[in-house]
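Reader: I should like to go through the terms applied to this model and the reasons behind them. Please set each value against its cut-off.

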Amino acid sequence: MPDEKSSTPDLSDEDLWVFGYGSLMWRPGFAFLEQVPARLIGEHRALCVYSFDHRGTPEKPGLVLGLDRGGACRGIAFRVAARQRDEVIGYLRGREQTTHVYREVMRSVWLENEPRDRVAALAYVVDRGHVQYAGRLSLQDQLRYVRQGHGRSGNNRDYVLETVRSIEAQGFRDPQLHQLATMLHDEAPLHR
């Protein structure tokens, strides 16, 4: 049963588009037919989610990305074959909804292809009322959480650096994430 704060995606016979803006860009974990650089307007990428699972614990939270309201976000839209739609949605719910900090919604995204197509894509937007919503943290606070964060998917430092590498591979920059990555880049990896 879907979370009542979620908008259940249309389970039609059409291909499914999924918008990735963080780790989905560099580790989607599902089969797709194509990936296209894309832009979502109305929400922006932010390190605004305390991670109690994938990149931290409740005792030592990490910090992960969420789509927060306002602005725009460049990322990747993945087109999933209609026959794999249910399987991919199930996989994404298991990955993204472990603590229900995200709302599962459909959003319009503009593909950065030649005709500049607009498609409806499944996206995970932060729930501002959730206990894991961190809001807007200072760069020093972000650095502290990222340095300490380590969860079942690995350390938080690698998550930030991999995301920045993926953003750069798409040919753009995220100034705040890049600034944080510069601060983390020369540090020795944390071994726990």
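The exchange below takes up burial, strand pairing, polar contacts, cysteines and backbone angles in turn.

Author: The structure is a predicted model, and the values discussed here are computed from it.

Reader: Why is E104 called buried?

Author: The relative accessible area of E104 is 1%. Buried means under 20%, so E104 is buried. This residue is found in strand 4, residues 102-111.

Reader: What makes the approach of the E104 side chain to the side chain of R93 a polar contact?

Author: The distance is 2.8 Å, and the cut-off for a pair of N or O atoms is within 3.5 Å, where one must be able to donate a hydrogen and the other to accept it. The pair of E104 and R93 therefore counts as a polar contact. The side chain of E104 makes another such contact with the side chain of Y124, at 2.7 Å.

Reader: Y102 also belongs to strand 4. Why does Y102 count as buried?

Author: Its relative accessibility is 7%. The limit for buried is under 20%, so Y102 meets it. Residues that Y102 touches include Y21, V49, V64, E96 and V126, leaving aside those up to four places away in sequence. In addition, a polar atom of the Y102 side chain lies 2.6 Å from the backbone oxygen of L65.

Reader: How do you know that strand 1 is paired with strand 3?

Author: Strand 3 covers residues 62-80, and five bridges join strand 1 to it. At least two bridges are required for two strands to pair, so the pairing holds. The two strands run antiparallel, and I76 is the strand 3 bridge partner of G20.

Reader: How many bridges join strand 1 to strand 5, and do these run parallel or antiparallel?

Author: Two bridges join them, and the strands run parallel. The requirement is at least two, so strands 1 and 5 also pair. In strand 5, A121 stands opposite W17.

Reader: What makes strand 1 mostly covered?

Author: Five of its five residues, 16-20, are buried. L16, V18 and G20 point one way, while W17 and F19 point the other way, and all are buried.

Reader: How many disulfides does the structure hold?

Author: It holds zero disulfides. C48 is in none, and the nearest cysteine sulfur, in C73, is 11 Å away.

Reader: Why is the sulfur of C73 too far for a bond?

Author: A disulfide requires two cysteine sulfur atoms within 2.5 Å. The closest cysteine sulfur to that of C73 is in C48, at 11 Å, and is therefore too far for a bond.

Reader: Are C48 and C73 buried or exposed?

Author: C48 has a relative accessible area of 1%, and C73 has one of 1%. Buried means under 20%, so C48 is buried and C73 is buried.

Reader: Why does H100 count as partly exposed?

Author: H100 has a relative accessibility of 38%. Buried is under 20%, exposed is over 50%, and partly exposed is in between, so H100 is partly exposed. The residue lies in the loop between helix 2 (85-96) and strand 4. Its phi is positive, about 60 degrees, although H100 is not a glycine.

Reader: What makes R116 exposed?

Author: The relative accessible area of R116 is 51%. Exposed means over 50%, so R116 is exposed. R116 is located in the loop between strand 4 and strand 5, and its phi is near 55 degrees, a positive value in a residue other than glycine.

Note on methods
Residues are numbered from 1 along each chain as its sequence is written. This is a predicted model: local features need pLDDT of at least 70, side-chain atom pairs count only at pLDDT 80 or more; totals for chains, interfaces and linings use all residues. Side-chain values use heavy atoms; hydrogens and water are left out. Buried means under 20% relative accessible area, exposed over 50%, partly exposed in between (1.4 Å probe, protein chains only). Helices (H or I, at least four residues) and strands (E, at least two) are DSSP runs, numbered from the N terminus. Contact means heavy atoms within 4.5 Å.
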